[in-house]
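Grab a viewer and a pencil. Here are a few exercises to work through, each followed by a solution in steps.

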Amino acid sequence: MTIASKIAKILPKKTQNFIKPKYDFLRAKYFLKQRGGSYKYNKTYGGWLLNIPMPNNLDMLILARTYREFNRAVRFGTNKKDLLWKWINWIDNKSVVYDIGSANGLEGLSLAHLKSAHVHFIEPYTPSIETILKTIYLTKLIKNKAIKSEVIHAACTNKEDYKRLSMHAQPTPGETRNTYGDRKDYEEGGGRDRKKVIISQSIKGISIDSLNYNYKLKSPEYVKIDVDGHETLVINGALKTIKSKTVKSWAIEITGEERIKSITNIMKKNGYVVADDFDHYPGYKIRTIDRFFMKKEYLESWKNFKSPK
């Protein structure tokens, strides 16, 4: 336990909640500087413009509009055991990627920066969509680099519909605890209770198959899914795409043994193999893993690939 943690424990909870974000923010600023990056506040766009060092030796520009977005952006890609980071660096150049549950877009933006990917950002939360749009615009304005993208403001689910997106925290950039439709389709263990609704917004629901076949968007070659327990419905809305085997690899965050088993069975029945797992909270009762599925012919390439330092 650090000295700061010990001091925090003796402070009243209200004081802790006030001090901790500011302390974490100072640490994140220091960490970014240590990495060789930089930041500058931009009043027009309401956030910090971060220049984050990347493995291709070119800084990636990210807009962070809150402490939470700042902290997440600065630390993204620094855990070399994180298999999603390996996956981002492993995929083919200039591929079409569906980023399901984009949040503030770090994975998709990294794919665009490192791999010149054509990224489809699919995200229901309006503050996150604004961060993604502004980052895409600022990358073109400041870096003179166009990001090939489709920004889709919708919840990814099992079919086309229109439901309420409930928000369980204040509607500010960086928050991720939101519920599309019914609570039962989400994971609520480990402090992820969804009973309290702060505010809500009605929003379009879309499926992967809909985007691919009905709206004729480019077919995905790689798919990343991170939807906090809603992944069963997302997969059920992607069965035609899965059966077509046009996707080379899927990176899916899955929570709970039942979901892990069910989704794995679907993928295996359609010719995909399990390449790897990354356990988010080893030893925790409710398991959350990133499971990487791919066509068998890509397995050797994956096993031989080393994440960049």
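Before we start, a bit of vocabulary: two strands count as paired if DSSP finds at least two bridges between them. Also keep in mind that this is a predicted model.

**Exercise 1.** Work out the strand order of the open four-stranded sheet and say which strands stand at its edges.

*Solution.*
- Step 1: Take strand 8 (residues 161-167), which pairs with strand 10 in the antiparallel sense over seven bridges. To find your place in this pairing, look for K163, which stands opposite I203 in strand 10.
- Step 2: Turn to the other pairing of strand 8. Three bridges join strand 8 to strand 9, and these two run antiparallel. Here L165 stands opposite Y180 in strand 9.
- Step 3: Now go back to strand 10 (residues 199-206), which is joined by two bridges to strand 7 (residues 155-156), and this pair runs parallel. A155 faces G205 of strand 10.
- Step 4: Put the pairs together and you get the order 7-10-8-9, with mixed pairing. Strand 7 and strand 9 (178-180) each have a single partner strand, so they stand at the edges and one side of each is left without a neighbour in the sheet.

**Exercise 2.** Decide how covered helix 4 is, and list what its buried residues pack against.

*Solution.*
- Step 1: Use the cut-off for buried, which is under 20% relative accessible area. Helix 4 spans residues 83-90, and eight of its eight residues are buried.
- Step 2: Check the names: L83, L84, W85, K86, W87, I88, N89 and W90. Yes, the lysine is on that list too: K86.
- Step 3: Look at what surrounds them. The helical partners are helix 5 (106-115) and helix 11 (299-304). The strands they pack against are strand 11 (222-225), strand 12 (249-255), strand 13 (272-279) and strand 14 (288-295).
- Step 4: Finish at the start of the helix, where a side-chain oxygen of D82 comes to within 3.0 Å of the backbone nitrogen of L84.

**Exercise 3.** Is N89 buried or exposed, and which residues does N89 touch beyond its neighbours in sequence?

*Solution.*
- Step 1: Find N89 in helix 4. Its relative accessibility is 8%, so N89 counts as buried.
- Step 2: Look for a polar partner. A polar atom of the N89 side chain lies 2.8 Å from the backbone oxygen of W85.
- Step 3: Leave aside neighbours within four places in sequence, and N89 is in contact with P55, L114, K115, F305 and P308.

**Exercise 4.** Do the burial and contact analysis for I260.

*Solution.*
- Step 1: I260 sits in helix 10 (residues 257-269). With 4% relative accessibility, I260 counts as buried.
- Step 2: Not counting residues up to four places away in sequence, I260 touches I254, R287, I289 and R291.
- Step 3: For a distance check, try K33: the C-alpha atoms of I260 and K33 are 39 Å apart, with their positions 227 residues apart in sequence.

**Exercise 5.** Which residues form a nonpolar patch on the surface?

*Solution.*
- Step 1: Start from L141, which lies in helix 6 (residues 126-143).
- Step 2: Add Y137 and I142, and the nonpolar patch has about 310 Å² of accessible area together.

Notes: Residues numbered from 1 in each chain as written. Predicted model: local features only at pLDDT ≥ 70, side-chain atom pairs only at ≥ 80, totals over all residues. Heavy atoms only, no water. Buried < 20%, exposed > 50% of the residue type's maximum accessible area, 1.4 Å probe, protein only. Contact = heavy atoms within 4.5 Å. Polar contact = N/O pair within 3.5 Å; in protein donor to acceptor, adjacent residues only side chain to side chain. Patch = residues over 30% accessible without salt bridge, like charges linked within 9 Å, V, L, I, M, F, W, Y side chains within 5 Å. Areas by Shrake-Rupley, 256 points an atom, 1.4 Å probe, with all protein chains shown as cover. Salt bridge = Lys/Arg side-chain N within 4 Å of Asp/Glu carboxyl O.
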